[in-house]
Amino acid sequence: MEKNSNEEGELKVRHPEKINRPDNPIQRKPDWIRVKAPNSPEYLETKELMRGLKLHTVCEEAACPNIGECWKQKHATFMIMGATCTRACAFCNVATGKPNALDPHEPDNVATAVKTMKLHHVVITSVDRDDLADGGADHFVKVISAIRSSTPSTTIEILTPDFMKKDGAVDHVAHAKPDVFNHNLETVPRLYPTIRPGARYFTSLSLLKRVKEVDPSIFTKSGLMVGLGETREEVGQVMDDLRAADVDFLTIGQYLQPTPKHAAVDRFVTPEEFESYATLARGKGFLLVSSSPLTRSSHHAGDDFRKLRLARQASLKHAAE
Ligand code: SF4
């Protein structure tokens, strides 16, 4: 079983809750999912910067296949509130267990990294912190505010947990006015008990709806992994649910199994099927859709943010005519 050092340098099993599960052999990836090994100078620089500032990235912790491409372009997604998650989703490679206390210097350290990397658009995500009274909402607000003070022109996208319905948490974060508020549904409701057992589908949908109620100017975004056993009809229903919650941007990507202890890939969805999902989603009225085997929530997030803005302007213009 995979081990790594925790924040105190002890060697720990990454997923203790999965230790007694039978192995699911990892299937060979099809030709359309080939990525280059990360070895550019920019990759190494980004890694050094993160370690120097004691920061974590979801790119590394989730073993994202796009890390070579993204970090070459100095695009990394910060993962705040530590590297240990209080949930134990069947698809996710982030280590699980009892997390440490929050680092009060983290908001300033993230802001320093954003400034050093000269980021025009930054994506901030976090582990689930169900142990905290507000689920970590106030820490998100502190990070947003530190970046706003340090680099006011940087646009901010957050990808949050569901805050476990903690009272007022979503409103508190939405009032901090991130430019994009992302919360992933991850899969279709039928698969929640096995894939996302600690979460509830309608809690996640309500979170997205609530963000728009608090501030309709914030772009909302959500993502789905496919290849877990969902049907096309189920994916279409999730799209309808997201549109009913007024979500602007949908991302769809292939689920990849991080270790033999994680959920097995049911099948590799073909690039043509991804294109067909994109067509279906556009027809349902999303402002923007990204659907491809290697699409991830934060992949090309800066470019997509520019497209989102343009799409909103075009739609407002169209409505006024
Ligand atoms: S797609 Fe997102 S998580 Fe993956 S490497 Fe790029 S920025 Fe990081």
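Reader: What makes Glu233, Asp240 and Ala244 of helix 9 exposed residues?

Author: In this predicted model, a residue is exposed if 12 or fewer other C-beta atoms lie within 10 Å of its own. Glu233, Asp240 and Ala244 are classed as exposed, and the face of helix 9 that carries them is turned away from its buried side.

Reader: Which residues of helix 9 are buried, and why are they said to line one face of the helix?

Author: Val238, Met239, Asp241 and Leu242 are buried in helix 9. Seen down the helix axis, the buried residues fall within an arc of 160 degrees, so they line one face.

Reader: How do you know what span is expected of helix 9, and what span does the helix reach?

Author: The expected span is 1.5 Å times one less than the number of residues. Helix 9 has 13 residues, for which 18 Å is expected, and the helix reaches 18 Å from its first C-alpha to its last.

Reader: What makes strand 9 mostly covered?

Author: A residue counts as buried if 20 or more other C-beta atoms lie within 10 Å of its own. In strand 9, residues 249-254, 6 of the 6 residues are buried. Phe249, Thr251 and Gly253 point one way, whereas Leu250, Ile252 and Gln254 point the other way.

Reader: How do you know that strand 8 and strand 9 pair, and in which sense?

Author: Two strands pair if there are at least two bridges between them. Strand 8, residues 219-226, and strand 9 have 6 bridges in the parallel sense, and they therefore satisfy the criterion of at least two bridges. Methionine 225 has glycine 253 of strand 9 as its bridge partner, and valine 226 stands opposite glutamine 254.

Reader: Why is the crossover from strand 8 to strand 9 called right-handed?

Author: The term applies if, with the strands pointing away from the viewer, the path from the first strand over the helix to the second runs clockwise. The chain passes from strand 8 through helix 9, residues 232-244, to strand 9, and this β-α-β crossover is right-handed. Strand 9, helix 10 and strand 10 also make a right-handed β-α-β unit.

Reader: What makes strand 3 and strand 10 edge strands?

Author: The open sheet is formed by 8 strands in the order 3-4-5-6-7-8-9-10, with mixed pairing. Strand 3 and strand 10 each pair on one side only. Strand 10, residues 288-291, pairs with strand 9 in the parallel sense over 4 bridges, and leucine 250 has valine 289 of strand 10 as its bridge partner.

Note on methods. Residues are numbered from 1 along each chain as its sequence is written. This is a predicted model: local features need pLDDT of at least 70, side-chain atom pairs count only at pLDDT 80 or more; totals for chains, interfaces and linings use all residues. Helices (H or I, at least four residues) and strands (E, at least two) are DSSP runs, numbered from the N terminus. The arc is that of the directions from the helix axis to the C-beta atoms.
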